[in-house]
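Subject: Handover of a structure and notes on its contents

Dear colleague,

I am passing the structure below to you for your reference. Please look through it first, and then read the notes that accompany it.

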Amino acid sequence: MWIGWVEFDMLLGDVRSLKQKRSVIRPIIADLSRRTEAAVAEVGAQDLHRRTMIGVSVVAAHASHVRDVLDQAERMLVEQHPEITVLSARRGLHSSGDG
C-alpha cells in the first residue's frame, strides 16, 4: 500500500474577508476531490484572508498511481484556477512497509 500527499501553499486573489475566502476555496476543494477522487481539505492558514493551504492525500496499491493523482491535482490548480497562485507544493510518499 502506498500513501501520498501534497500540501499546496496558495495566495488568493482579491479576497477581503474570511467569508469571501471560503467562497473561493470551497469550490476548489470540491473540484479537486471530485476530479481526483482523493481526500482534499484546507489544512492551514485558516485565519488569514488571502492565504490558504490545501492538502490532497491518496492511498493506492502502486506508487505510480499515487504520483499520477498528485500530479493531476497540481496541474488542475495551476491550469484551471487562475484566481489563485500556488506559492509552493510539498509532497510525501510512503509505503506501508516503511517503518
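The notes below take up the strands, the salt bridges and one surface patch in turn. Please keep in mind throughout that this is a predicted model.

Strand pairing

I begin with strand β1, which covers residues 2-12. Strand β1 runs antiparallel to strand β3 (residues 51-60), and 10 bridges join the two. Within this pairing, Leu-11 stands opposite Arg-51 in β3. Strand β1 is also joined to β4 by 11 bridges, and these two strands likewise run antiparallel. Here Ile-3 has His-94 of β4 as its bridge partner.

Salt bridges

How many salt bridges does a search of the whole structure find? The search gives 9. As a general point, side chains of opposite charge can pair when their charged atoms come close. Several of the pairs are described here.

One of them is formed by the side chains of Arg-16 and Asp-14, with an N to O distance of 3.2 Å. Both Arg-16 and Asp-14 are exposed.

A second salt bridge connects Arg-35 with Asp-31, and its closest N and O atoms are 3.7 Å apart. Both residues belong to helix α1 (residues 18-36), where they are 4 residues apart, about one turn of the helix. Is Asp-31 buried or exposed? Asp-31 is buried, because its relative accessible area is 10%, and the limit for buried is under 20%. Arg-35, by contrast, is partly exposed, with a relative accessible area of 42%.

A third salt bridge brings together the side chains of Asp-71 and Arg-91, at 2.7 Å from N to O. This pair links distant parts of the chain: Asp-71 is in helix α2 (residues 63-80) and Arg-91 is in strand β4 (residues 84-95), 20 residues apart. Asp-71 is partly exposed, having a relative accessible area of 30%. Arg-91 is also partly exposed, with a value of 37%.

Beyond these pairs, Lys-21, Arg-22 and Glu-42 are joined into one network by salt bridges that share partners.

The surroundings of Glu-42

Glu-42 deserves a separate paragraph. This residue is found in strand β2 (residues 39-44). With a relative accessible area of 17%, Glu-42 counts as buried. What does Glu-42 touch, leaving aside residues up to four places away in sequence? The residues it touches are Lys-21, Arg-22, Ile-25, Ile-29, Thr-52, Met-53 and Ile-54. Two polar contacts can be added to this picture. The side chains of Glu-42 and Arg-22 are joined by a polar contact of 3.3 Å, and those of Glu-42 and Thr-52 by a polar contact of 2.9 Å.

A nonpolar patch on the surface

Which residues make the nonpolar surface patch of about 280 Å²? The patch is made by Met-1, Ile-3 and Val-59. Met-1 is placed in the segment before β1. Met-1 counts as exposed because its relative accessibility is 54%, and the limit for exposed is over 50%. Ile-3 has already appeared above, as the residue whose bridge partner in β4 is His-94.

With kind regards

Terms used: Residues numbered from 1 in each chain as written. Predicted model: local features only at pLDDT ≥ 70, side-chain atom pairs only at ≥ 80, totals over all residues. Heavy atoms only, no water. Patch = residues over 30% accessible without salt bridge, like charges linked within 9 Å, V, L, I, M, F, W, Y side chains within 5 Å. Areas by Shrake-Rupley, 256 points an atom, 1.4 Å probe, with all protein chains shown as cover. Salt bridge = Lys/Arg side-chain N within 4 Å of Asp/Glu carboxyl O. Buried < 20%, exposed > 50% of the residue type's maximum accessible area, 1.4 Å probe, protein only. Polar contact = N/O pair within 3.5 Å; in protein donor to acceptor, adjacent residues only side chain to side chain. Contact = heavy atoms within 4.5 Å. Pairing = 2+ DSSP bridges.
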